Amino acid sequence: MAVYRRSRRHRFFLVLLALTSVTVLTLDYRGGGDGALESVRGTARDAFAPLQSAAEWAFSPIAGFFGSIGDFGDLRSENARLRRQLDEARAEAIRGADADRERQGLLQLQGLDYAGGLDSVPARVVSNAPTNFQLTVTIDRGTDARIDVGMPVVTSAGLVGRVTEASKVRSTVLLITDPQSNVGVRLANSGEPGVVRGGGTRNPLAVDLITTEVPVTIGEPVVTSGLERGLFPAQIPVGRVLSTSAPPGALQKEIQVDPSVDLVRLEFVRVLLWTPNP
Amino acid sequence: MRSDPRLRLPIMFVAALLLQTTVLARIRVFGVMPDFMLLVAVAGGITAGATRGATLGFASGMLIDLFLPTPLGLSALVFTLVGYGVGVANTGVLRSAWYIPVLTAGAASVTGVVLYALVGSMLGERMIDGHLVTIAVVVGLSNAVLAPVAVKFVDWSLGSLKTGAPINS
């Protein structure tokens with residue numbers, strides 16, 4: 001009898017806690033981005049930020065060591081590849097300078113925003129979000145630095161992602177490699193618009209909505225389209241075409257894109273002070 | 001350690017949260033990190049039974065939810081259930097062979113990850129794909145390795161709050 005009573009008490013407690021969780025879950029889910037719970041979350045993150053920074057500072061050598069264990073083998077070949085790319089990039093920069101001037105003029109004529117002309121805030125990547133399910137990073141700037149939800153995040157190499165949450169001194173950035181991320185893009189050679197979808201960490205991105213008739217070349221640059229109601233301004237480099245195929249009977253090409261930013265080892269990023277037009 | 005027993009629980013939670021959000025968030029195997037907050041729930045169930053396992057799970061889940069992009073309460077719900085389940089299956093095994101908590105932590109962590117993905121998917125998050133297998137396996141193994149430490153730590157934090165005789169003091 002005593003055992004029975006005790007297990008009933010246990011079960012009551014379990015039901016109580018589970019129901020509380022479900023209630024909070026429902027409230028947060030319904031409240032969307034600006035509910036009261038969201039401000040509780042923001043406050044907690046800001047309050048915890050200094051402690052986190054201290055711990056980060058204390059443990060960064062250890063974490064750096066573990067983080068790079070798998071990378072030693074890659075470094076030598078990566079170095080050679082980077083040198084080669086640098087040479088190519090120097091040549092391209094010279095060719096590009098003139099085209100850039102021309103393009104900016106055209107963009108201005110069409111009334112499109114160009115990332116190069118936007119104000120931006122530099123930020124440091126503090127950590128990966130403590131989750132295995134979303135590919136996000138936390139940066140050390142927030143609404144105090146005029147950062148807001150929806151702003152694009154870039155490095156000098158190209159597009160990183162989009163701000164999905166912002167508290168006073170911290171923001172969360174959803175990386176373009178996350179399977180939930182969609183970016184409106186344009187293939188540089190054909191000008192054809194498509195949508196880039198994340199494929200998970202260290203995986204190439206996939207491009208949707210490119211019909212089989214469109215010619216696509218390997219190495220072709222992919223940039224944000226900046227089309228009306230787009231989530232990003234135009235002309236931010238996203239990556240280069242890695243492979244392309246057209247399975248028989250398919251309506252669209254299967255295109256893989258190698259992101260131009262090394263999203264696994266991000267350190268510094270820039271948040272463009274630009275929000276999508278509603 | 002001589003400290004106010006009432007402070008031990010908050011200390012444990014803050015330390016676990018710091019560990020999870022800074023150090024562990026960077027140590028990733030195949031892009032996956034150990035889930036120490038889930039392990040707190042599991043360890044709670046192992047050392048102190050179903051009710052306290054559920055309570056610790058609820059608290060650690062709510063805490064980590066504050067730092068996640070997923071809806072608030074998702075981890076809390078899952079960790080509550082896991083802490084409770086472990087407690088029901090395992091009350092008192094701290095006295096038994098050392099590998100029992102390790103195996104329990106591994107199995108419970110895999111269950112927790114899968115449950116999290118299932119509930120998350122019901123809320124429209126995209127969580128179930130091939131990567132889920134990797135996540136479950138890596139979290140299961142790494143949590144199993146961390147289990148002895150976590151069990152000691154949680155056991156210490158509960159101190160005199162525990163029902164029955166404390167084991168390590």
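The exercises below, each with a worked solution, concern a predicted model.

**Exercise 1. The salt-bridge network in chain A**

Task: Find which residues are joined by salt bridges to A:Glu38, A:Arg41, A:Arg45 and A:Glu165, and state where the partners lie.

Solution:

1. Start with the total: over all chains, the structure holds four salt bridges.
2. Take A:Glu38. Its salt bridge is with A:Arg41, and the closest N and O atoms are 3.7 Å apart. A:Glu38 and A:Arg41 are three residues apart in helix H2 (residues 36-68) of chain A, so about one helical turn separates them. Both A:Glu38 and A:Arg41 are buried.
3. Take A:Glu165 with A:Arg41. This pair also forms a salt bridge, with 3.1 Å between the closest N and O atoms. Distant parts of the chain are linked here, as A:Glu165 is in strand E4 (residues 158-166) of chain A and A:Arg41 is in helix H2 of chain A, 124 residues apart. A:Glu165 and A:Arg41 are both buried.
4. Take A:Glu165 with A:Arg45. The closest N and O atoms of this salt bridge are 3.5 Å apart. Because A:Glu165 lies in strand E4 and A:Arg45 in helix H2 of chain A, the pair ties together parts that are 120 residues apart in sequence. A:Arg45 is buried, as is A:Glu165.
5. Combine the steps: through shared partners, the salt bridges join A:Glu38, A:Arg41, A:Arg45 and A:Glu165 into one network.

**Exercise 2. Helix packing in chain B**

Task: Describe the fold pattern of chain B, then classify how H4(B) and H5(B) are oriented to each other.

Solution:

1. Count the elements: chain B has five helices and zero strands. Along the sequence the pattern reads α-α-α-α-α.
2. Note the burial: 59% of the 169 residues of chain B count as buried.
3. Two packed helices are described by the angle between their axes and the distance between the axes.
4. Apply this to H4 (residues 99-122) of chain B and H5 (residues 131-158) of chain B. They pack at an angle of about 140 degrees, and their axes are 7 Å apart.
5. Compare with the cut-off: roughly antiparallel needs an angle over 145 degrees. H4(B) and H5(B) are therefore oblique to each other.
6. Add the handedness: the crossing of H4(B) and H5(B) is right-handed.

**Exercise 3. A surface patch**

Task: Which residues form a nonpolar patch on the surface with B:Val114, and how accessible is B:Val114?

Solution:

1. The other members of the patch are B:Val110, B:Leu118 and B:Ile128. Together with B:Val114 they have about 300 Å² of accessible area.
2. B:Val114 lies in helix H4 of chain B.
3. The relative accessible area of B:Val114 is 34%, so B:Val114 is partly exposed.

**Exercise 4. Three loop residues in chain A**

Task: Place A:Arg146, A:Gln235 and A:Gly226 in their loops, and classify each as buried, partly exposed or exposed.

Solution:

1. Most residues other than glycine have a negative phi.
2. A:Arg146 has a positive phi, near 70 degrees. A:Arg146 sits in the loop between strand E2 (136-139) and strand E3 (152-155) of chain A. With a relative accessible area of 58%, A:Arg146 is exposed.
3. A:Gln235 also has a positive phi near 70 degrees. The loop between E9 and E10 of chain A holds A:Gln235, which at 24% relative accessibility counts as partly exposed.
4. A:Gly226 lies in the loop between strand E9 (221-224) and strand E10 (237-245) of chain A. Its relative accessibility is 15%, so A:Gly226 counts as buried.
5. A:Gly226 and A:Arg186 are 40 residues apart in sequence, with 8.8 Å from C-alpha to C-alpha.

Methods. Residues are numbered from 1 along each chain as its sequence is written. Chains are lettered from A and ligands numbered from 1 in the order in which they are written. This is a predicted model: local features need pLDDT of at least 70, side-chain atom pairs count only at pLDDT 80 or more; totals for chains, interfaces and linings use all residues. Side-chain values use heavy atoms; hydrogens and water are left out. Patches are made of residues with over 30% relative accessible area and no salt bridge: like charges are joined within 9 Å, nonpolar side chains (Val, Leu, Ile, Met, Phe, Trp, Tyr) within 5 Å. Accessible areas come from the Shrake-Rupley method with a 1.4 Å probe; for residues, only the protein chains shown count as cover. A salt bridge is a side-chain nitrogen of Lys or Arg within 4 Å of a carboxyl oxygen of Asp or Glu. Helices (H or I, at least four residues) and strands (E, at least two) are DSSP runs, numbered from the N terminus. Buried means under 20% relative accessible area, exposed over 50%, partly exposed in between (1.4 Å probe, protein chains only). Axes are lines fitted to C-alpha atoms, for helices over the stretch in contact, and angles run from 0 to 180 degrees between N-to-C directions. Angles under 35 degrees count as roughly parallel, over 145 as roughly antiparallel, 65 to 115 as roughly perpendicular and the rest as oblique. A crossing is left-handed if the near helix is turned anticlockwise from the far one by less than a right angle, and right-handed if clockwise.
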